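Trainee: Could you walk me through this structure, one question at a time?
Mentor: Sure, pull up the model and ask away.

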Amino acid sequence: MNKSFFGKVGTWAAAHKVLATVIVVVLVGGGYGVWKKQTAASAPVKYILATAAKGTLVTAVSGSGQVQAENQVTVASTVSGMVTGVYVNDGDEVQEGQTLATIDDSDAVRAVDNAELALENARVAYDKAVKDAADQASTSTVSDLAKAYQSGYNAIVATAIDLPSIFAGLDDIYYSSTHSPYFSDISVSTEVGTEAAAYKSQAGAAFDSARAEYDANFLRYKNISQNSSPEEIVSLLNETNVILTKLLSALSGTYSTLDYIQNRLSTVPSQLTTDKATVSSDVTKVNSDSANITSALNDIDNAQTSGTTADLSMKSAELTVKQDEAALSDANTTLANHRIVAPFSGLVAKVIAKKGDTASNNTQIATVVTKEQMVNISLNEIDAAKVAKNDKVTLTFDAIDGLSLTGHVTNVDLVGTVSQGVVSYNVEIAFDATDPRVKPGMTVNANIITGVKQDALLVPASAVKTQGGNSYVQVLSQKYDESSAAQGVTSSIAPSSVPVTVGATNDSQAEITEGLFEGDQVVSRTVTSTAKSTAAPSILSGLGGNRAAGGNVRFVSGGTGAGR
């Protein structure tokens, strides 16, 4: 029966060679896997140990950016005209103020000539105005003004002499019953009528007002002298003018009232005729005094105006000189702008204009950059918070193998830039020394040293693990020599966990502030080695040769590095 079964199998396999081959491979491979699993030796675990030791912990943040010139300016024309010359080429070194190009300045030169001529004429006119003002001040103005003040003083004195007798005469007429009984209110009303009484009342009110003004200034009349100040003389002239105006009104009203009474009385008292003549004479005196006072005031005003006019003419000429000086300065500035110069010392990055071009305002001529270079990098908000001005920086360049330069942070943006919800801060870095191989636009990698901690207790960052927000390290029950610890040791006792407090960290090291002592050994990583074995012979050995399970090494646990 068995022979018959195997015979049938053989017959079928001969008829189905491909399918039979596949079935054999599957059966043999499955059997090999089961055999290998059953015969594999248990893999021992090795612990790589590190010793906690005092050292210096350097913390840093890194970023990348581009090299830039410290200053870059594209110089443009501010005037119009044809470019008459270009005197630099790309890559030339230039000094501040050096001519880069020139623009036709023939019109600007003429404008300067015209401005100089106008200024010269203005200065001549100013000199003449100054002389006229000086002459006016030293001769006519001083003399005329002195004469006017003297005339004013004389007019005040003359008036002051006339006023007492005039006021006394009017006072007798109005208020002395023995002097002029005909002028009493009862006599005027009964003998002449109510209309005459009204005239007398109006003239009397004007007299009372004039006398009040005179009484108020009486002491000033007594104290006035040729040594009085011009201000005092002018003031008293104006007050006297007011008094005379009111007094003239009172005298005129009194004369009219006396005349009205005289014409209506059948018998005219001799005193009335005398009083009427006295009032008429007083009107003449007051008119004369008033004319002298007014003339004195006009003379003073004219003398002052004459000096003021000369002074104003001088100031006007001076203003014209200043305006023409400003016009000449503007013309010279415009002329200077026809020469395009380097704004600072540096290199010509690119010449844009060429001789014969037509330039206008803002036409670009050339781009100038400084030799001094800087680096701009962008950091996220966490890293940017660690960076401060003057932090040391190490710089490397993608385009230049092996080149490493140092620099320092010169600025960190105070306000971040938000892009797609991510906040970043621009950091500027200055080179401590330049290298001619470094060009603007090159990609640079910056490693910014944010802290250096001396005498810190350090362990590998891979030795620190975290769980539930707490940090710990693993230690073995015994201590090993450094050589064995570095190569890896085995232990029949599993490592124990020791809680630690972690201070500063970087990519490779962590500071332990509590939980360990110097010299303590910690597990930095574990290694499992697969046992080496040789597979049993099979029907595939002739096809693929003998296969062995290689001694492959895999890292089972490197720990959760603090700060990673």
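Trainee: Let's start with one residue: where is Asp-92 found?
Mentor: A word on the ground rules before that: this is a predicted model, in which local features need pLDDT of at least 70 and side-chain atom pairs count only at pLDDT 80 or more, while totals for chains, interfaces and linings use all residues. Residues are numbered from 1 along each chain as its sequence is written, and side-chain values use heavy atoms, with hydrogens and water left out. Helices (H or I, at least four residues) and strands (E, at least two) are DSSP runs, numbered from the N terminus. On that numbering, Asp-92 is in the loop between E4 and E5.

Trainee: Is Asp-92 buried, partly exposed or exposed?
Mentor: Buried means under 20% relative accessible area, exposed over 50%, and partly exposed in between (1.4 Å probe, protein chains only). Asp-92 has 28% relative accessibility, so the class is partly exposed.

Trainee: Which residues does Asp-92 touch, leaving out those up to four places away in sequence?
Mentor: Contact means heavy atoms within 4.5 Å. Along the chain, Lys-350 is 258 residues from Asp-92, yet their C-alpha atoms are separated by 9.4 Å. The residues that Asp-92 touches are Gly-346, Leu-347 and Val-348.

Trainee: E4 came up already; in E6, which residue is the bridge partner of Val-86?
Mentor: Two strands pair if DSSP finds at least two bridges between them. E4 (residues 81-86) pairs antiparallel with E9 (residues 358-359) over two bridges, and there Gly-81 faces Ala-359. E4 is also joined to E6 (residues 99-103) by three bridges, again antiparallel. In E6, the partner of Val-86 is Ala-101.

Trainee: Which strands stand at the edges of the open sheet that contains E10?
Mentor: That sheet has four strands in the order E3-E10-E8-E5, with antiparallel pairing. A single partner strand is what each edge strand has, so one side of each is left without a neighbour in the sheet; the two are E3 (72-76) and E5 (93-94).

Trainee: And in E10, what is the bridge partner of Val-73?
Mentor: E3 and E10 (residues 364-369) are antiparallel and share five bridges. Within E10, Val-73 is matched with Val-368.

Trainee: What is the phi of Asn-362?
Mentor: Asn-362 lies in the loop between E9 and E10, and at 59% relative accessibility this residue counts as exposed. Asn-362 is not a glycine, but its phi is positive, about 75°.

Trainee: How about Gln-420: what is its relative accessible area?
Mentor: Gln-420 is in the loop between E14 (417-419) and E15 (422-431). This residue also has a positive phi, about 55°, without being a glycine. Gln-420 is exposed, with a relative accessible area of 83%.

Trainee: Over to the other glutamine: which residue in E19 stands opposite Gln-474?
Mentor: Three strands form an open antiparallel sheet in the order E17-E18-E19, with E17 (465-467) and E19 (496-499) as the edge strands. Gln-474 is in E18, and four bridges join E18 (residues 470-475) to E19. The residue opposite Gln-474 is Ser-497.

Trainee: Is Gln-474 buried or exposed?
Mentor: Gln-474 has contacts further off in sequence, among them Lys-465, Pro-495 and Val-522. With a relative accessible area of 18%, Gln-474 is buried.

Trainee: Now the rings: how do the planes of Tyr-174 and Tyr-175 make their pair count, stacked, edge-to-face or tilted?
Mentor: Rings of Phe, Tyr and Trp (its six-membered ring) pair if their centres lie within 6.5 Å; planes under 30 degrees apart count as stacked, over 60 as edge-to-face and the rest as tilted. The count comes to 11 aromatic pairs. For Tyr-174 and Tyr-175 the centres are 6.3 Å apart and the planes stand at 45°, so the pair is tilted.

Trainee: Which residue lies over the face of Phe-183?
Mentor: A charge sits over a ring if NZ of Lys or CZ of Arg is within 6 Å of the ring centre and within 35 degrees of the ring normal. Phe-183 belongs to a cluster linked by ring pairs, which includes Tyr-174 and Tyr-175. At 4.9 Å from the ring centre of Phe-183 is Lys-200.
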